[in-house]
Amino acid sequence: MSFEIKNIVRKNIFNLAPYSSARDDFSGNASIFIDANENSLGSPVVGDYSRYPDPHQRILKQKMATIKRVPAANIFLGNGSDECIDVLYRAFCNPGKDNVIICPPTYGMYEVSANINDVEVRKSLLTTDFQLNVEDVLSKVDANTKLIWICSPNNPSGNLLHEADIDFLLQNFSTGIVVVDEAYIDFADQVSFSQKLAKFPQLVVLQTFSKSWGLAGLRLGIAFASEAILSILNKIKPPYNINQETQRIALDALQNEALANARTKELLDLRLQLTTSLEQLTIVKKIFPSDANFLLVQFDDPQLIYNILMENGIIVRDRHSVILCEGCLRITVGSAEENQKMVEVLSKL
Ligand SMILES: *Cc1c(COP(=O)(O)O)cnc(C)c1O
């Protein structure tokens, strides 16, 4: 069956008349704006925040379009990827009726957001080398399956999923949306699935400013998708979900792309150095191959290691109780100094 947005979106959302803001009614040039009940005298703080921000983030999206090689019309921005994830549930999944498929071990928000929205979660385990079992994924699909969540590079394992497997899912599932979460794609040696939007109308690609751009505190996530899908997401997002400072600072970051790229390269060098240092430690059982800015590392006694690191003021992510991650801690690549301190603590064991 071919992809038809009308058959997939929730009926109430399809019929929704969205909020129309003052900035929607008029967006041209004028000298006096007394249409939005803003404070005409300004605020008590330094900086000009008295006006509502652009609800469509036009300038930011234009710059992003150039850098990401995706037309501005195919870009949606959320208050972190978290908001993009939630908005996808609210657009496509009828509570108490529809279901989604996730591929554990994977990012926790897909399931939490499903639970918040009262949506059934079906699980198709990754293989022991953290790849998709595509036949198993498709066997879980039924008429109420609305979203398939793919995370590549995957969190917490760190590896890219095979491009051919994701293509296969896209070729064989078009009665719902396939979401490819690429939060770590800038650390990987692979072209983004955002370049396949024209080929697959049911594809949504998520990216974020939280990782390679170093702006987790800002809360800015990106969803790339067809205009048909974005027209639905834009209907349900809060009108001013991306604040003025976030738009300004993100634009500033994009204009300094070279510096972000240099930092990304540096982190890849640091990842290699950290891998080499950890490999020399006898307490390390296995380091899984990473295409991201973190390593999944297996120990004999992960809880002991976790506690000793903590006693030394070093916090890593304990994943030992996560399926297929038995014995594992997830370690973000730190600065050269941070990595060295951690290895020092571990080498004393
Ligand atoms: C870190 C991360 C994100 C980013 O979430 P934000 O809400 O944009 O900070 C998204 N997906 C995955 C898999 C992540 O690990």
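The following paragraphs describe the surroundings of a ligand, several helices and strands, and some unusual points of the backbone in one protein structure. The structure is a predicted model, and the values given below were computed from its atoms.

The ligand is surrounded by 14 residues, and the closest of these are Y184, T208, S210, K211 and R219. When the residues of this shell are sorted by character, 5 are nonpolar, 5 are polar and 4 are charged. Oxygen atoms of the ligand take part in several polar pairs with the protein. An oxygen atom of the ligand lies 2.6 Å from an N or O atom in the side chain of Y184, and an oxygen atom of the ligand is found 2.8 Å from an N or O atom in the side chain of N155. In the case of S81 the partner belongs to the backbone, since a polar backbone atom of this residue is 2.7 Å from an oxygen atom of the ligand. Taken alone, the ligand would expose 390 Å², and the protein buries 94% of that area.

T208, one of the residues closest to the ligand, lies in strand β6, which comprises residues 203-208. With a relative accessible area of 6%, T208 falls under the 20% limit and therefore counts as buried. A polar atom of the T208 side chain is 2.9 Å from the backbone nitrogen of S210, and S210 is itself listed among the residues closest to the ligand. When residues up to four places away in sequence are not counted, T208 touches S81, A183, W213, L220 and G221; among them is S81, whose backbone has a polar atom 2.7 Å from a ligand oxygen.

Strand β6 also holds V205, which has a relative accessible area of 0% and is therefore buried. Leaving aside neighbours within four places in sequence, V205 is in contact with V180, E182, S192, F193, S194, I222, A223 and F224. Between V205 and D291, which are 86 residues apart in sequence, the distance from C-alpha to C-alpha is 17 Å.

Strand β6 appears again in the packing of helix α8, which covers residues 163-172. The buried residues of α8 are D165, I166, D167, L169 and L170, and these residues pack against α7 (134-139), β4, β5 (177-181) and β6.

The loop between β4 (145-151) and α8 contains P153, and P156 is placed in the loop between β4 and α8 as well. Each of these prolines is joined to the residue before it by a cis peptide bond: S152 and P153 are linked with omega at about -5°, while N155 and P156 are linked with omega at about 20°. N155 has already been mentioned for its side chain, which has an N or O atom 2.8 Å from an oxygen atom of the ligand.

The backbone was also examined for positive phi values in residues other than glycine. One such residue is Q57, with phi near 50°, which is placed in the loop between α3 (22-25) and α4 (58-68). Q57 counts as buried because its relative accessibility is 1%. Another is D118, with phi near 55°, found in the loop between α6 (109-116) and β3 (120-123).

Helix α6 includes V112, which has a relative accessible area of 40% and so is partly exposed. V112 and E227 are 115 residues apart along the chain, and their C-alpha atoms are separated by 27 Å.

Helix α11 consists of 23 residues, 257-279, and its length can be checked against an expected value. At 1.5 Å a residue the helix should span 33 Å, and the C-alpha atoms at its ends are 33 Å apart, so the two values agree. The buried residues of α11 are A260, T264, L270, R271, L274, T275 and L278. What covers these buried residues includes two strands, β8 (284-287) and β9 (294-299), together with helix α13 (336-347).

The loop between β11 (328-332) and α13 contains S335. With a relative accessible area of 33%, S335 is classed as partly exposed, because this value lies between the limits of 20% and 50%. Although S335 and L267 are 68 residues apart along the chain, their C-alpha atoms are separated by 7.9 Å.

Note on methods:
Residues numbered from 1 in each chain as written. Predicted model: local features only at pLDDT ≥ 70, side-chain atom pairs only at ≥ 80, totals over all residues. Heavy atoms only, no water. Near = heavy atom within 4 Å. Polar contact = N/O pair within 3.5 Å; in protein donor to acceptor, adjacent residues only side chain to side chain. Areas by Shrake-Rupley, 256 points an atom, 1.4 Å probe, with all protein chains shown as cover. Nonpolar A, V, L, I, M, F, W, Y, C, P; charged D, E, K, R; others polar. Helix = DSSP H or I, 4+ residues; strand = E, 2+ residues; numbered from the N terminus. Expected span 1.5 Å × (residues − 1). Buried < 20%, exposed > 50% of the residue type's maximum accessible area, 1.4 Å probe, protein only. Contact = heavy atoms within 4.5 Å.
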